[in-house]
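Visitor: Hey, I've got a structure to look at and I'm not sure where to begin. Can you walk me through it?

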Amino acid sequence: MTFQKFVNYHGKRATQKGMEPEAIKILVLELSGMDGATFFANLNQEIPCELETKLVKAVDDYIVNKIPVQHIIGYSYFYGYKIKVNNQVLIPRPETEELVSYVLQTYDEVFPSTEVDVVDVGTGSGAIAIALSKEEKHFHVVATDISETALLIALENAKNNEADIQFLKGDMIEPLIERKMKFDILVSNPPYIPNDEYVEDIVKNNEPSVALFGGDDGMHFYEVILSNASKVLKEKFIIAFEHSYSKKKEMLALAKKYFPNANTEGIKDLNGKDRFTIIVNK
């Protein structure tokens, strides 16, 4: 079977099962080691038998067993960095890349070319911390997570991407309070799905629930962080959150409750959904 026929045939299979046909192309590219240009140049070439066997198994894992593509190949890409993922950490989402961009942009406005201390709370795979550390040389990054397994993966990802990050085990900002650490920038993408909200099987069955669900209303961890944030923030600071698109009003109210004198802004993602809240105290 040629690459073209393989992608077309299994793409239709994916569509019929309500899965993403584009995932088939991703699997072919990643498992064959081809880039886009090489793939298109070889569309009409026969797939070597050994590779085809490997691809068929991977496609069946995706379509039949509903295993995420990122788990099949063992990694994802975030902000251009290769991030190892498995069922112990959340797969980085494209929207979270926007969060990184807003942190970098706000830093340029508030702390231009200044050395700052940054913490990523609930780091998971380490994707946010790694991207921030690599993209801004003035950032000194610390990251926390309650899961020791997640921290081991994050540590491996930091090493593979040559990112200098200090990882601390503990619940949200507790390890920071214990060490009396202070930061200029706090960023977090905590679990924010309400406990009773529907979640697709491919997500629910493959990603850790501790990284997905955020209490009855999805706001639990924002309350936990903001109610204690003053203990770990310097006088001048930036707080940046990703959250559910339906929680803009709740986020703004929570920010006002704990930091009434700070400037708070809700920002939409590229799909026009209210996805981020930035709190700045100058």
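Guide: Sure. Let's agree on one word before we start: a residue counts as buried if its relative accessible area is under 20%. Also keep in mind that this is a predicted model.

Visitor: Got it. Which residues of H7 are buried?

Guide: They are Ala-127, Ile-128, Ala-129, Ile-130, Ala-131, Leu-132 and Ser-133. That makes 7 of the 9 residues of H7, so this helix is largely enclosed by the rest of the structure.

Visitor: And how do H6 and H7 sit relative to each other? What's the angle where they cross?

Guide: Their axes come within 10 Å and cross at roughly 40°. That angle makes H6 oblique to H7. The crossing of the two is right-handed.

Visitor: Which residues in H6 meet H7?

Guide: On the H6 side you have Thr-96, Leu-99, Val-100, Val-103 and Leu-104. They meet Ile-128, Ala-131, Leu-132 and Glu-135 in H7.

Visitor: Those numbers go up in little jumps. Why would residues three or four places apart point the same way?

Guide: An α-helix has 3.6 residues a turn, so residues three or four places apart end up pointing the same way.

Visitor: Nice. Let's pick Thr-96: buried or exposed?

Guide: Thr-96 counts as buried, because its relative accessibility is 5%, and the cut-off is under 20%.

Visitor: What does Thr-96 touch, leaving out residues up to four places away in sequence?

Guide: Thr-96 touches Phe-78, Ile-128, Asn-189 and Glu-242.

Visitor: Random one: how far apart are Thr-96 and Met-219?

Guide: In sequence they are 123 residues apart, and in space 18 Å, going from C-alpha to C-alpha.

Visitor: Okay, new topic: rings. How many aromatic pairs are there?

Guide: The count comes to 8 aromatic pairs. Take Tyr-102 and Phe-276: their ring centres are 5.6 Å apart and their planes are at 55°, so this pair is tilted. Tyr-102 lies in helix H6 and Phe-276 in strand S9, so the pair ties together parts that are 174 residues apart in sequence.

Visitor: Is Phe-276 buried or exposed, then?

Guide: Phe-276 is buried, with a relative accessible area of 1%.

Visitor: What about the pair of Tyr-107 and Phe-139? Which kind is it?

Guide: That one is edge-to-face, with 4.9 Å from centre to centre and 85° between the planes. Tyr-107 is in helix H6 and Phe-139 is in strand S4, and the pair links distant parts of the chain, 32 residues apart. Tyr-107 and Phe-139 are both buried.

Visitor: Which residues do ring pairs link into a cluster?

Guide: Phe-3, Phe-39 and Phe-40 are linked into a cluster that way.

Visitor: And where do the lysines Lys-82 and Lys-273 lie?

Guide: Lys-82 lies over the face of Tyr-75, at 4.0 Å from the ring centre. Lys-273 lies over the face of Tyr-245, and there the figure is 4.6 Å.

Visitor: Last thing, back to helices. At what angle do H2 and H4 cross?

Guide: Roughly 140°, with axes that come within 10 Å. H2 and H4 are therefore oblique to each other, and H2 passes H4 in a right-handed crossing.

Visitor: Which residues meet there?

Guide: From H2 you get Ala-23, Ile-24, Leu-27, Val-28, Leu-31 and Ser-32. They meet residues in H4 including Leu-51, Leu-55, Ala-58 and Tyr-62.

Note on methods. Residues numbered from 1 in each chain as written. Predicted model: local features only at pLDDT ≥ 70, side-chain atom pairs only at ≥ 80, totals over all residues. Heavy atoms only, no water. Phe/Tyr/Trp six-rings, centres within 6.5 Å; stacked < 30°, edge-to-face > 60°. Helix = DSSP H or I, 4+ residues; strand = E, 2+ residues; numbered from the N terminus. Buried < 20%, exposed > 50% of the residue type's maximum accessible area, 1.4 Å probe, protein only. Lys NZ or Arg CZ within 6 Å of the ring centre and 35° of its normal. Axes fitted to C-alpha atoms, helices over the stretch in contact; angles between N-to-C directions. Parallel < 35°, antiparallel > 145°, perpendicular 65-115°, else oblique. Left-handed = near helix turned anticlockwise from the far one by under 90°. Contact = heavy atoms within 4.5 Å.
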